[in-house]
Amino acid sequence: MLNNRFVTGAPVWVDMCAPDLGAVSSFYRELFGWELQQGGPEVGGYGQFRIAGRTAAGAMAVSAEEAPPSWTLYFRTPEADATVKSVEQAGGRTLFEAVDITDLGRMAGLADSAGVPFSVWQQGQLKGLDVLNEPGGLIWAELYTPDVAAAAAFYGSVFGWGTTEMPFPGGSYTMVHPADGTPDDMFGGLVPLDTDPAESTPYWLPYFQVDDCDGAVATARGAGGEVRMEPVSMEGVGRFAKLADPAGARFAVLQPSPPGEQMGA
């Protein structure tokens with residue numbers, strides 16, 4: 001699962017963009033208890049969603065003309081510029097070149113071989129998120145892609161990710177973990193895009209932990225969000241649902257199974 005060791009290739013940050021942060025911040029406050037802390041001009045107004053002073057996610061006001069409302073995952077790299085080159089050599093592309101964010105770190109915006117956006121983070125003063133694997137925190141991520149094998153090859157080339165196949169009725173689920181980790185450090189899955197009939201474009205989907213999946217879905221619906229997939233339960237995983245905020249940014253919520261009942265326990 002996700003952890004704060006933040007080894008190379010592991011998710012270290014997640015943020016969202018929308019034209020009106022005020023509108024979406026009230027939604028996330030109701031859903032997760034997040035409070036938006038707006039950044040100053042030195043970071044371009046970039047904000048952070050926080051729980052009791054701890055950062056759970058980032059947020060940036062971006063016009064609809066610049067980019068659609070969405071969530072973006074950041075993966076750790078020891079050298080952002082070198083990773084940009086690796087992405088291009090592996091068939092991806094650069095959305096924006098590596099840039100320093102004050103003394104916090106260095107980042108670049110990229111897209112994988114299927115065109116899915118993601119970012120990389122080279123640690124400076126900022127190591128990563130404070131809230132992980134707890135209510136309101138990032139707990140899992142899934143890549144919906146037209147070609148799972150090609151995605152595994154791309155990210156394996158760029159980050160050295162390892163994969164583990166978990167059998168399920170009717171097929172298997174490809175889970176990924178960092179090169180410096182083990183299967184115990186699995187943080188996400190690679191999923192065939194055609195398993196999500198509501199979508200035709202590949203994308204990364206972040207999952208945030210909740211105590212009560214059904215209650216979270218009801219809260220999201222009442223706060224103006226969209227329920228993209230009603231809650232379902234999976235043995236050894238938990239109960240989860242797919243949502244979108246009022247601006248349209250897609251994410252999911254997961255009420256994990258008790259530790260003793262999780263896969264591999």
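1. A residue counts as buried when its relative accessible area is under 20%. Gln209 has a relative accessible area of 11%, so this residue is buried. Please keep in mind, here and below, that this is a predicted model.

2. Staying with Gln209, you will find this residue in strand β13. Which residues does Gln209 touch, not counting residues up to four places away in sequence? There is a run of partners at Asn133, Glu134, Pro135, Gly136 and Gly137, and Gln209 also touches Phe32, Ile139, Leu254 and Pro256.

3. One of those partners, Asn133, deserves a look of its own. Asn133 is located in the loop between β8 and β9. Its relative accessibility is 28%, so Asn133 counts as partly exposed. The phi of Asn133 is positive, at about 55 degrees, although the residue is not a glycine. As background, most residues other than glycine have a negative phi.

4. Thr102 also has a positive phi, near 45 degrees, and is likewise a residue other than glycine. You can locate Thr102 in the loop that lies between β6 (93–101) and β7 (105–111). With 44% relative accessibility, Thr102 counts as partly exposed.

5. Now to the strands, beginning with β5. Why can strand β5 (residues 70–76) be called largely enclosed by the rest of the structure? Because 6 of its 7 residues are buried. Strand β1 (residues 11–18) pairs with β5 in the antiparallel sense, over 6 bridges, and here Trp13 stands opposite Tyr74 of β5. Strand β8 (residues 117–123) runs parallel to β5 and is joined to β5 by 3 bridges; in this pairing Arg76 stands opposite Trp121 of β8.

6. There is also an open sheet of 8 strands, and its pairing is mixed. If you trace the sheet across, the order is β10-β11-β12-β9-β13-β16-β15-β14. Its edge strands, each pairing on one side only, are β10 (162–168) and β14 (226–234). From one strand to the next, the twist averages 25 degrees. At the β14 edge, β14 and strand β15 (residues 238–244) run antiparallel and are joined by 6 bridges. Glu226 has Ala244 in β15 as its bridge partner.

7. Two helices can be placed against these strands. Helix α3 (residues 148–159) lies across β9 (138–145), β10, β11 (171–177), β12 (188–192) and β13, and runs at about 145 degrees to β12. Helix α1 lies across β13 (203–209), β15 and β16 (250–256), with an angle of about 10 degrees to β16.

8. How do helix α1 (residues 21–32) and helix α4 (residues 213–222) meet? Their axes come within 9 Å and cross at roughly 155 degrees. Angles over 145 degrees count as roughly antiparallel, so α1 is roughly antiparallel to α4. The crossing of α1 with α4 is right-handed. On the α1 side the contact is made by Phe27, Glu30 and Leu31, and on the α4 side by Ala216, Thr219 and Ala220. Sorted by class, the contact of α1 with α4 has 4 nonpolar, 1 polar and 1 charged residues.

How values were computed
Residues numbered from 1 in each chain as written. Predicted model: local features only at pLDDT ≥ 70, side-chain atom pairs only at ≥ 80, totals over all residues. Heavy atoms only, no water. Buried < 20%, exposed > 50% of the residue type's maximum accessible area, 1.4 Å probe, protein only. Helix = DSSP H or I, 4+ residues; strand = E, 2+ residues; numbered from the N terminus. Pairing = 2+ DSSP bridges. Axes fitted to C-alpha atoms, helices over the stretch in contact; angles between N-to-C directions. Parallel < 35°, antiparallel > 145°, perpendicular 65-115°, else oblique. Left-handed = near helix turned anticlockwise from the far one by under 90°. Contact = heavy atoms within 4.5 Å. Nonpolar A, V, L, I, M, F, W, Y, C, P; charged D, E, K, R; others polar.
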